[in-house]
Amino acid sequence: MKNILPLTLALAIPVFAGTPTPVAPAPAPAPTLTEWFVGGSFGQFYGVEAFQSARLYSAQDVDLNMFTLQFGRDFCPVAGFDMAAYLEVGYLYGDFNTVNSFPAAPLAVKYDLDLLPVTMNLKFEHKLVGGLGAYLSGGLGYAWSSIKAQGGHENNDGGFYAQAAAGLVYNFCPNFELFGGARWIYINEVDVAGAPLADSNAFGWEAGLRYNF
């Protein structure tokens, strides 16, 4: 009897106390598949192909400075690449001289060239090591142009515009990334003094900064 009583109490205590209910862990937050970003860049292009006019004018190669603003969204990875789509508004400016081909009376006229391209772009980024990655981007759009001759004559035009870029990107914190590389631009049918700066393209460099939020 002395042995049965302690054994009965030992069995009864867990019944009255109740079995502790396990606490389920809080569900993990859903993964973020998209992320917005804003950014900007500066670049330069050397030797943009100039035009040869049927009106006996020829232009020197054009050097351009470029500023851009970007606004876009990152998407979920595709085949190991982070994909993003973004709108870019650029501003390119430079100057050049035209010279007629009359040997008896050569005439040089200086022009200021301004371009305002607006493009839709896709960007693919791949992580290399640590915060360092590589990117490839391309876009299509339209470029408005303004060409002003020394002396006041101005001509406004516009045409198809394309671009592509490749380089390296470094994420030095979760929100900020620095990028830089090479960029190619293509400009179609920009009219200068009655003759198009036809099918002009150039290679240059770019560097910029993006903020992810």
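This passage describes strand E11, its partner strands, its salt bridges and one unusual loop residue. The model is predicted, so local features need pLDDT of at least 70 and side-chain atom pairs count only at pLDDT 80 or more, while totals for chains, interfaces and linings use all residues. Residues are numbered from 1 along each chain as its sequence is written, and side-chain values use heavy atoms, with hydrogens and water left out.

Strand E11 spans residues 200-212; strands (E, at least two residues) and helices (H or I, at least four) are DSSP runs numbered from the N terminus. In a regular strand the side chains alternate between the two faces of the sheet. Along E11, Ser200, Ala202, Gly204, Glu206, Gly208, Arg210 and Asn212 point to one face and are buried, whereas Asn201, Phe203, Trp205, Ala207, Leu209 and Tyr211 point to the other face and are not buried. Here, buried means under 20% relative accessible area, exposed over 50%, and partly exposed in between (1.4 Å probe, protein chains only).

Two strands pair if DSSP finds at least two bridges between them. Strand E1 (residues 35-48) pairs with E11 in the antiparallel sense over 9 bridges, and strand E8 (residues 176-187) does so over 12 bridges. Phe45 has Gly204 as its bridge partner in E11, and Phe176 has Tyr211. The C-alpha atoms of Gly204 and Phe45 are separated by 4.2 Å, although these residues are 159 apart along the chain. Leaving aside residues up to four places away in sequence, Gly204 touches Gln44, Phe45, Gly181, Ala182 and Arg183 (contact means heavy atoms within 4.5 Å). Its relative accessible area is 15%.

Side chains of opposite charge can pair when their charged atoms come close. A search of the whole structure finds 4 salt bridges, each defined as a side-chain nitrogen of Lys or Arg within 4 Å of a carboxyl oxygen of Asp or Glu. One of them joins Glu177 and Arg210 (3.1 Å, N to O). Glu177 lies in E8 and Arg210 in E11, so this pair ties together parts 33 residues apart in sequence. Both ends are buried, Glu177 at 5% relative accessibility and Arg210 at 3%. Another joins Glu206 and Arg183 (2.7 Å, N to O), linking E11 to E8 across 23 residues. Glu88, Arg183 and Glu206 are linked in a network of salt bridges. Lys123 and Glu125 also meet in a salt bridge (3.0 Å, N to O), and both are buried.

Finally, a word on the loop between strand E3 (62-74) and strand E4 (82-100), where Ala79 sits. Most residues other than glycine have a negative phi. Ala79, although not a glycine, has a positive phi of about 55°, and Ala79 is exposed, with a relative accessible area of 75%.
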